[in-house]
Amino acid sequence: MRTTLDLPDPLYRRLKLQAAKEGKTLRELVIRYLEEGLGREGLPRPRSLPRVPEAGRRIPVRTHEELWALLEEEGGPAGP
């Protein structure tokens with residue numbers, strides 16, 4: 001089936017770059033990502049990080065999304 005997607009330019013460029021790196025077509029890459037995403041539908045979501053009382057904090061306050069992003073970055077930050 002054929003469909004049209006309106007993607008933000010930066011996302012489109014990232015997809016094209018990734019497809020080129022893998023030697024795949026944009027179509028192949030999008031299909032794979034969609035199948036992977038749909039396959040995760042039934043999986044449990046990651047647990048929330050524990051809340052630390054204000055008095056026990058020694059690092060800057062960050063949201064869960066910021067902390068997960070730091071954990072997923074290659075190499076991650078070395079620390080404060």
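This passage describes the helices, the surface and the salt bridges of a predicted protein model.

The model is predicted, with local features requiring a pLDDT of at least 70 and side-chain atom pairs counting only at pLDDT 80 or more, whereas totals for chains, interfaces and linings use all residues. Residues are numbered from 1 along each chain as its sequence is written, and side-chain values use heavy atoms, with hydrogens and water left out.

The mean pLDDT of the protein (the predictor's confidence in each residue, from 0 to 100) is 81, and 79% of the residues score at least 70. The protein contains three helices and zero strands, where helices (H or I, at least four residues) and strands (E, at least two) are DSSP runs numbered from the N terminus. The order along the sequence is α-α-α. Among these elements, helix 1 has the highest mean pLDDT, at 94, and helix 3 (residues 64–72) the lowest, at 84.

Of the 80 residues in the protein, 4% are buried. Here buried denotes under 20% relative accessible area, exposed over 50%, and partly exposed the range in between (1.4 Å probe, protein chains only). The accessible surface amounts to about 8,000 Å², and carbon and sulfur atoms account for 55% of this area. Accessible areas were computed by the Shrake-Rupley method with a 1.4 Å probe; for residues, only the protein chains shown count as cover.

Side chains of opposite charge can pair when their charged atoms come close. A salt bridge was defined as a side-chain nitrogen of Lys or Arg within 4 Å of a carboxyl oxygen of Asp or Glu, and two were found by this rule. One salt bridge joins the side chains of Glu22 and Arg32, with an N to O distance of 2.7 Å. Because Glu22 lies in helix 1 (residues 9–22) and Arg32 in helix 2 (residues 26–39), this pair ties together parts that are ten residues apart in sequence. Glu22 is partly exposed, at 29% relative accessible area, and Arg32 is also partly exposed, with a value of 29%.

Arg32 also forms a salt bridge with Glu36, at 3.5 Å from N to O. Arg32 and Glu36 are four residues apart in helix 2, so about one helical turn separates them. Glu36 is partly exposed, with a relative accessibility of 36%. Glu22, Arg32 and Glu36 are thus linked in a network of salt bridges.
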